[in-house]
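Below is a short set of questions and answers for a first-year student. Look at the model first, then read on.

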Amino acid sequence: MNPGPRRFIAYGFASVHDALAAESALEAGDVRVTAIPSPRALGELCGVAIRIAPEDAEAAKAVLARAGLPPRGSAEIDDI
Amino acid sequence: MSDALVTRPCVYLDHSATSWPKPPEVVEAVVGAMTAGGANPGRGAYAMALAASRIVFESRRACADLLGVPDARDLAFVSGCTEACNLMLKGLLAPGDRVVVSSMEHNAISRPLHALSLLGVRVDVVQADETGRVHADDFERAVRSEATRAVICQHASNVTGSIQPVADLADIAHENGALLLVDGAQAVGHLDVDLAVLQVDAYAASGHKGLLGPQGVGVLYLRPGLDAAELLQGGTGGGSSEEESQPQGRPERYEAGTPNTPGIAGLGAAARLLIAHGAQWRAEEQAVFARLRRGLVAIPGVTVLGPAVDEPCVPTLSLVSDRLDVDRIAFELDRRYGIAVRSGLHCAPWAHRTLGTLETGAVRLGVGRGNTLDDAEAVLAALREMLA
């Protein structure tokens, strides 16, 4: 049975600075993270977003809350 | 190599204009930002663009750590202290406002204020004393006399090295409902500046003087919540490109257009060096400066402008002689002895008027990282010989 496409979660932030600050905080919190172009699913066509695996979402939310960097938006997206 | 780049060895004492030589780490960071990190920061998200973005991000954090700024987003990268001064003045003042400003200011403050005065900003000048130091009591009287939008003062003089009582001025301004706006061009790097402690509302800093970064970059600190209008509108690369108006978030609001990434990279490297070694370097340059000051005041016919020899200063002083005009002194120091100093008014006619040297100018000696006691002795020997 096809398990279906892998998915990822994208977090958008108010600025590139905030996105990179989030990346830095997540790395320090041992959350796997990748900086990506802001996906259209976040309602933005420019800038930098943060990509994480769905299974890391709870840990990521906790890290970002502690860092004072709540995402401006999030979207779950099929990988290709 | 261009002839313009051919220089001979010299004793460099023009650190008040720009620091030289730059630390190798700064040069390497500049080159790195033009090679491996040479993409446009904050725009694309491919590997090299992200590398460039991280250079800017890390440099901002390093500058914030160095200057005691809790949230790095409150530091904007600008082209230099002049732009920072223009932004804090023109972004915060409006026709009808009154400001109180010291008589020791550089043209980076006095000229924007002149332009603003033509638009209806009232500029009242508080006189510094004959050593170039301003007194908090004088400011307090001026600020209390009428409603005041802002108190404006340098942190340290680019002519005399005088350190101004910025923390006291912050108290005076805030007790009277005014802002304190500071030109820190000559202070950062030479003093241990902690903006959280100083409680300033805005602080403009040069990146290439005491901070040891490249020319063409500076920073402006605006305290959280202070709504300064931006000078420029344009691309910021972030997630708001579709909006007609400039983003209001920091730092994007104040950074329209492609930034000077190589300069920012160099400044970030310099900030990291100053965090690690700044205290030691400040002690070393103060030792050289103290030797220079003590030696100069003992040369007959030389008058050293500014505070008394033992009073704390940033390592800058100016002098005049009753034997030679200041341009001749500077020229002969260079030609005969390979000593680099600057004569004239140092872009600070207000300060020279205060000191009584508007008609003569002065010779300025600016000590900085890398100067040695031998440099001080070389200058003293040259001046004794020239002015005997």
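Q: By about how many degrees does α8(B) bend at H277(B)?
A: The model is predicted, local features need pLDDT of at least 70, side-chain atom pairs count only at pLDDT 80 or more, and totals for chains, interfaces and linings use all residues. Residues are numbered from 1 along each chain as its sequence is written, while chains are lettered from A and ligands numbered from 1 in the order in which they are written. Helices (H or I, at least four residues) and strands (E, at least two) are DSSP runs numbered from the N terminus, and a bend is the angle between axes fitted to the seven residues ending at a residue and the seven starting there. At H277(B), α8(B) bends by about 75 degrees.

Q: What does helix α8 of chain B span between its end C-alpha atoms?
A: The expected span of a helix is 1.5 Å times one less than its number of residues. For the 36 residues of α8 (261–296) in chain B, a straight helix would span 52 Å. The span between the end C-alpha atoms of α8 is only 41 Å.

Q: Which element gives the largest share of the largest nonpolar core?
A: A nonpolar core is a set of buried Ala, Val, Leu, Ile, Met, Phe, Trp, Tyr and Cys residues joined through C-beta atoms within 7 Å. Buried means 20 or more other C-beta atoms within 10 Å, exposed 12 or fewer, and partly exposed in between, with C-beta atoms placed from the backbone. The largest core has 143 residues, and M88(B) is among those with the most contacts inside it. Its largest share, 12 residues, comes from α8(B).

Q: Where does this core lie relative to domain 1 and domain 2 of chain B?
A: Domain bounds come from an automatic or database domain assignment. In chain B this gives domain 1 (3–21 + 278–387) and domain 2 (24–274). Both domains give residues to the core, so the core lies between them.

Q: How many residues does domain 2 of chain B give to the contact with domain 1?
A: Two residues are in contact if their C-beta atoms, placed from the backbone, lie within 7 Å. The C-alpha centres of the two domains of chain B lie 27 Å apart. The contact takes 28 residues from domain 1, and from domain 2 it takes 30 residues.

Q: Is T35(B) buried or exposed?
A: T35(B) is found in the loop between α1 (24–34) and α2 (47–67) of chain B. Because T35(B) has 10 other C-beta atoms within 10 Å, T35(B) is exposed.
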